[in-house]
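Colleague: I would like to learn how to read the strands, helices and domains of a model. Please take me through one.

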Amino acid sequence: MPERFYVTTPIFYPNDRPHLGTAYATVTADALARWHRLCGEEVLFLTGTDEHGLKIARRAEEQGMTPQAWTDETAQWFRDAWKALLVTNDDFIRTTEARHTEAVQAFMQSIHDNGHIYKAEYAGWYCVACEAYYAESELTEGRLCPLHGTPVEWFVEENYFFRLSAFEDRLLEWYANSGSVVVPEAKRNEAVSFIRQGLQDISITRTSIDWGIPVPWDPEHVVYVWYDALVNYITAIGYGVDEERFSSWWPFVHHLIGKDILRFHCVWWPAMCMAAGIDPPHQLIVHGFLLVGGEKMSKSRLNQVDPVELAKDLGVDALRYHLLREVTLGSDGDFSYEALVARYNSDLANNLGNLAQRVATVVGSKCGGVGPAPRPAGEENAIATAAATVVAEAREAWARFAPQDALAATWRLVHETNAELEATEPWKMAPGPEVDSVLGNALEALRIVTILASPAVPLAAAEIWRRLGLDGTPDEAGRASESRGELDWGGYPGGLTVTKGEPIFPRRHAPVPTATSDDAP
Ligand code: MSP
């Protein structure tokens, strides 16, 4: 049976259009899903929208719409954006779907039946943007939310509570026994120290709103939006409905999450799973924020960048490559259009694009347009040796969720192949075995690069593959599996017709700073 890889993004609040920060999270999950499919694994890649709760209900009201009509419209923004960015999710879940109501109710009921839910009155400071209560001590001066800087509201409710405090020891034991369950390590430590400080029970139902999933044993209450949202990860694999499917995917999930939702995923969610009698998730991968001018993108700061517009401008591949290559998973990254264009020109236009273009041109002029076979691997063949190292490094980097390292390694092979062409200058040689040997090597390096780069730049990879005269597509499932050996040196057969075409990544001029009113005459 093939190995299985289940990867999820958080489900997004469909109140705003997707911005570059949410695109970063989704493209990263997509690249991981693509890599694992390439390795021949059975992949399930889930994303979706988080549609209940006060935040959505209020926004819908502002628009003069019901929350259902509002989210029917706005969930589509996400589907469309992900399609435009070539995101290959296998499923898109909306928390307003019947399958989710069923799963949440079954999950809640089993936690209730297991004795981990009780009723009590709750009063506290609530931030609607976070959909979370804060202790007075966590607020900033003027009683503002520490994340949003907006006023919190005093809520008093009779609620059902989840006995989170009872799970402290089990959570700590789980962390002690499950190594890299949260990566990077610093984020794991953050979760553990949060648990060590002592956990409070959490209020998990609301009576103040009705936009939510009714509590199965007391339908006057609706389930608190976070408690509802987290369950999406198991709804999609048939929790409570299809035991066989559920147990074939759970708990082997990789949740990709932003650092702001660590507490919900690394403390609440595993405890909720334990309470319901299922295993906690296998792994949580925590990424940082994509910042603009040092600040998190948000509607209120008017610094949102529309990823679909950017992709229209520079190409989907260019945007995807930049997101995956520029930011180290786990750290924050700063986005600027200048850096995007600079990275595009250096890595895509001058390196990969140029290599593909010059190889096709010289094969045209010196080899009659027919690609020669590469030299065999061995001590004499530095490019073959470099390729073997690069493939091993890229595999290792993808396996530890480090697309930036996988791509850096891949581009080293591009760079070395270009360097060999510059050193040997086949365009100056007379046609013959020496030219063939240099170009055969370059074609083979390009074949390998194209497979390795396909999770990041699927369109360019497919086009280069076609120009090399190869059949199928570079991202065919299983092409990078070790058993198929297609990433081993020597796969380019020679004798194929190599085609030239327009530059795949035409060079872009650096952006000209726009005039501000200060510059006006
Ligand atoms: N709906 C909840 C998640 C529920 S998951 C069971 C939520 N939604 S969100 O739309 O506010 O954020 C979703 C994800 O987007 C979070 O992981 C968050 O970190 C991420 N990002 C939002 N802005 C971001 C950046 N500027 N940069 C990177 N990721 C960002 O929270």
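**Reading the sheets and domains**

Modeller: Start with strand 2 (residues 42-49), which runs parallel to strand 3 and is joined to strand 3 by 4 bridges. Strands (E, at least two residues) and helices (H or I, at least four) are DSSP runs, numbered from the N terminus. Two strands pair if DSSP finds at least two bridges between them. One bridge here links Gly48 to Ile93 in strand 3.

Colleague: What should I keep in mind about the source of the model?

Modeller: This is a predicted model, in which local features need pLDDT of at least 70 and side-chain atom pairs count only at pLDDT 80 or more, while totals for chains, interfaces and linings use all residues. Residues are numbered from 1 along each chain as its sequence is written, and side-chain values use heavy atoms, with hydrogens and water left out.

Colleague: In what order do the strands of the parallel sheet lie?

Modeller: In general, strands of a sheet pair through backbone hydrogen bonds, either parallel or antiparallel. In this case 6 strands make an open, parallel sheet, ordered 3-2-1-12-13-7. Strand 3 (91-94) and strand 7 (182-183) are at the edges with a single partner strand each, so one side of each has no neighbour in the sheet.

Colleague: How many bridges join strand 12 to strand 1, and how many to strand 13?

Modeller: Strand 1 and strand 12 run parallel, joined by 3 bridges, and strand 12 pairs with strand 13, also in the parallel sense, over 5 bridges. His254 is a good place to look: this residue is the bridge partner of Val7 and stands opposite Gln283 in strand 13.

Colleague: Is strand 12 covered or open?

Modeller: Buried means under 20% relative accessible area, exposed over 50%, and partly exposed in between (1.4 Å probe, protein chains only). For strand 12, 6 of its 6 residues are buried. Val253, His255 and Ile257 point one way, and His254, Leu256 and Gly258 the other. Gly258 counts as buried because its relative accessibility is 5%. Apart from neighbours within four places in sequence, Gly258 is in contact (heavy atoms within 4.5 Å) with Val286 and His287.

Colleague: Which strands does helix 1 lie across?

Modeller: Axes are lines fitted to C-alpha atoms, for helices over the stretch in contact, and angles run from 0 to 180 degrees between N-to-C directions. Helix 1 (residues 20-38) lies across strand 1 (4-8), strand 2, strand 12 (253-258) and strand 13 (283-287), at about 165° to strand 2. Helix 10 (residues 262-276) also packs on the sheet, touching strand 7, strand 12 and strand 13, and its direction makes about 145° with that of strand 12.

Colleague: What about the other sheet?

Modeller: That one is an open antiparallel sheet of 4 strands, in the order 5-4-6-8. Strand 4 (residues 117-127) and strand 6 (residues 153-162) pair over 10 bridges, one of which matches Ala123 with Val156.

Colleague: Where is the chain divided into domains?

Modeller: Domain bounds come from an automatic or database domain assignment. Here domain 1 is 4-311 and domain 2 is 344-497. Between them, 15 residues of domain 1 touch 19 residues of domain 2. Buried area is the accessible area (1.4 Å probe) that two parts lose on being put together, summed over both. For these domains the figure is about 1300 Å², with 78% from carbon and sulfur atoms. Arg34, Trp35 and Leu38 supply 50% of the area that domain 1 buries against domain 2, more than any other three residues.
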